Each structure stands twice: as structure tokens, then as C-alpha cells.
Amino acid sequence: MATAGADGQVESRSAWLWIGMVVAFLTLQVLLGVASVVLATNDLSWSVVPDYHVGAMKWDEQRAAQRASDALGWKHEITIDQTADMVGMRTVRVHLVDQLGEPVLVDRMEGAIFHHARGAQLVRFEMTRGARPGVYEVQVRMRRPGLWEMKFNADRGTDHWMVTAQQELAESR
């Protein structure tokens with residue numbers, strides 16, 4: 001027959017077991033919460049577009065600027081080298097021609113590019129004139145295959161041209 005002391009020891013162990021389980025579950029809950037916060041705040045696929053509200057407030061101005069750009073009648077062809085170098089650099093080329101098919105010589109062309117899976121990693125650049133008239137190029141790090149979005153702006157005197165394009169890149173060979 002069990003003695004009162006033995007029953008007390010069993011009850012004491014049982015109480016510590018339940019208290020330990022409650023503490024373990026609470027600790028697990030806190031650790032999962034911390035891990036969730038760390039994962040959510042360090043996710044590279046999530047991004048906030050800076051000054052997005054400013055663009056929304058200037059929507060009419062942006063549409064008017066795009067219509068003026070379209071009215072220039074300039075046509076463009078964007079090409080990206082399918083092969084990247086050892087560090088992932090690829091040449092991006094923009095070929096601009098006017099309504100008559102003549103090359104457009106601009107004073108300045110700049111752009112920005114990002115991969116859709118990494119919207120926060122926006123790369124801005126200034127383009128240089130290429131080997132042929134009307135061709136502008138830049139070396140950009142583009143290691144990741146998939147959908148890339150590009151925005152280009154060019155100025156020639158008072159003319160301002162802009163375009164946004166998307167291009168799918170295959171795995172670099």
C-alpha cells in the first residue's frame with residue numbers, strides 16, 4: 001500500500017509535468033510569433049513603393065505625360081542579352097526610331113529595372129549610346145530568370161519619351 005509521502009511525490013511530479021507542459025507551449029507560441037515577425041519583415045518579395053500616394057495624386061499629370069510621349073510616335077525595341085556573365089551582368093539595349101524609321105538621338109536616357117519576385121530591389125541606371133545611332137545600352141545585374149519590369153525615360157530638347165515594359169528572361173545559358 002502506498003504511503004502519504006509517496007502520493008505526495010506522485011502529485012508533485014504530476015504538477016511539475018503539467019506546469020512544464022504549459023510553459024513549453026507558451027514558449028513555443030512566443031518562438032513561433034518571433035519567427036513569423038522575422039520572416040514577414042525580411043521577405044524580399046514584399047515591397048513598399050516609395051511615394052506611391054504621390055503618384056496616385058498626380059495620376060492626371062502622369063496620364064497627360066504618357067499621352068504626350070505616345071504622341072511623339074517613337075517606336076522602341078528592347079533587347080536583353082540571354083547570356084549573363086559570371087556575376088550576372090547582362091546588356092540591356094533600347095533601340096529608338098521615329099515615325100519615319102529614323103534613329104532618335106536623345107540627350108539623355110535613364111531607366112529602372114526590377115524582378116517581379118524582388119520588387120524592393122529596384123536598380124536605377126543611366127544609359128549610354130550604343131554602337132549604332134538610336135541604340136542605348138547599359139550593363140545591369142540580372143541573375144534571376146523570370147519576369148522583369150523596366151521603365152525608360154529619354155529627353156531630346158523639350159520632348160520627353162517614356163515607356164514601361166515587361167520581359168520574361170530564361171535561365172542564363
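In which loop does Gly88 lie? Select Gly88 to begin the tour, and you will find this glycine in the loop between β1 and β2. Bear in mind from the outset that what is on the screen is a predicted model.

**Confidence before detail**

Colour the chain by pLDDT, for which the mean over the chain is 89, with 95% of the residues reaching 70 or more. Among the elements of the chain, the highest mean pLDDT, 96, belongs to β6, whereas helix α2, which covers residues 52-57, has the lowest, at 85. Where pLDDT is low, the predicted coordinates should not be read in detail.

**Gly88 and its surroundings**

Return now to Gly88, which counts as buried because its relative accessibility is 4%, and the cut-off for that class is under 20%. If you display its surroundings and leave aside the neighbours within four places in sequence, the residues in contact with Gly88 are Val140, Arg141, Met142 and Arg143. Then draw a distance from the C-alpha atom of Gly88 to that of Gln9, a residue 79 places away along the chain, and the viewer should give a separation of 67 Å.

**Along helix α1**

Move next to helix α1, which spans residues 4-41 and in which Leu17 is found. Val10 lies in helix α1 as well, and Val10 is partly exposed, with a relative accessible area of 49%. From the C-alpha atom of Val10 to that of Thr27, 17 residues apart along the chain, the distance is 25 Å. With a surface switched on, select Leu17 together with Trp18, Met21, Phe25, Leu28 and Leu32, since these residues make a nonpolar surface patch of about 650 Å².

**The nonpolar core**

Hide the surface and turn to the interior, keeping in mind that in soluble globular proteins nonpolar side chains tend to be buried together. The largest nonpolar core here has 25 residues, and those with the most contacts inside this core are Leu96, Met109, Phe152 and Trp161. Two or more residues each are given to this core by β1 (75-80), β2 (89-97), β3 (108-115), β6 (135-141), β7 (146-156) and β8 (159-169). Centre the view on Phe152 and, leaving aside its neighbours within four places in sequence, show the residues in contact with this side chain's residue, including Ile78, Val92, Val94, Phe125, Met127 and Trp161. The contacts of Phe152 also include Glu110, Gly111, Met162 and Val163.

**Salt bridges**

Which residue forms a salt bridge with Asp81? A search of the whole structure finds five salt bridges, and in one of them Arg93 is the partner of Asp81, with the closest N and O atoms 3.1 Å apart. This pair links distant parts of the chain, as Arg93 is in strand β2 and Asp81 in the loop between β1 and β2, twelve residues apart. Arg93 counts as partly exposed at 28% relative accessibility, and Asp81, with a relative accessible area of 27%, is partly exposed too.

Select Arg108 and Asp155 next, which form a salt bridge whose closest N and O atoms are 2.5 Å apart. Because Arg108 lies in strand β3 and Asp155 in strand β7, the pair ties together parts that are 47 residues apart in sequence. The two partners fall into separate accessibility classes, in that Arg108 counts as partly exposed at 29%, whereas Asp155 counts as buried at 18%.

Go on to Arg156 and Asp159, whose side chains meet in a salt bridge with an N to O distance of 3.4 Å. Arg156 counts as partly exposed, at 32% relative accessibility, and Asp159 is likewise partly exposed, at 24%. Now add Glu137 to a selection of Asp81 and Arg93, for salt bridges that share partners join these three residues into one network.

**Last stop: Leu122**

Finish at Leu122, which lies in the loop between β3 and β4, the latter being residues 123-126. Its relative accessible area of 38% makes Leu122 partly exposed, and once the neighbours within four places in sequence are left aside, Leu122 is in contact with Ala112, Ile113 and Phe114. As a closing distance, join the C-alpha atoms of Leu122 and Val49, which are 73 residues apart along the chain and are separated by 9.9 Å.

Key: Residues are numbered from 1 along each chain as its sequence is written. This is a predicted model: local features need pLDDT of at least 70, side-chain atom pairs count only at pLDDT 80 or more; totals for chains, interfaces and linings use all residues. Side-chain values use heavy atoms; hydrogens and water are left out. A nonpolar core is a set of buried Ala, Val, Leu, Ile, Met, Phe, Trp, Tyr and Cys residues joined through side-chain atoms within 4.5 Å. Buried means under 20% relative accessible area, exposed over 50%, partly exposed in between (1.4 Å probe, protein chains only). Helices (H or I, at least four residues) and strands (E, at least two) are DSSP runs, numbered from the N terminus. Contact means heavy atoms within 4.5 Å. Patches are made of residues with over 30% relative accessible area and no salt bridge: like charges are joined within 9 Å, nonpolar side chains (Val, Leu, Ile, Met, Phe, Trp, Tyr) within 5 Å. Accessible areas come from the Shrake-Rupley method with a 1.4 Å probe; for residues, only the protein chains shown count as cover. A salt bridge is a side-chain nitrogen of Lys or Arg within 4 Å of a carboxyl oxygen of Asp or Glu. pLDDT is the predictor's confidence in each residue, from 0 to 100.
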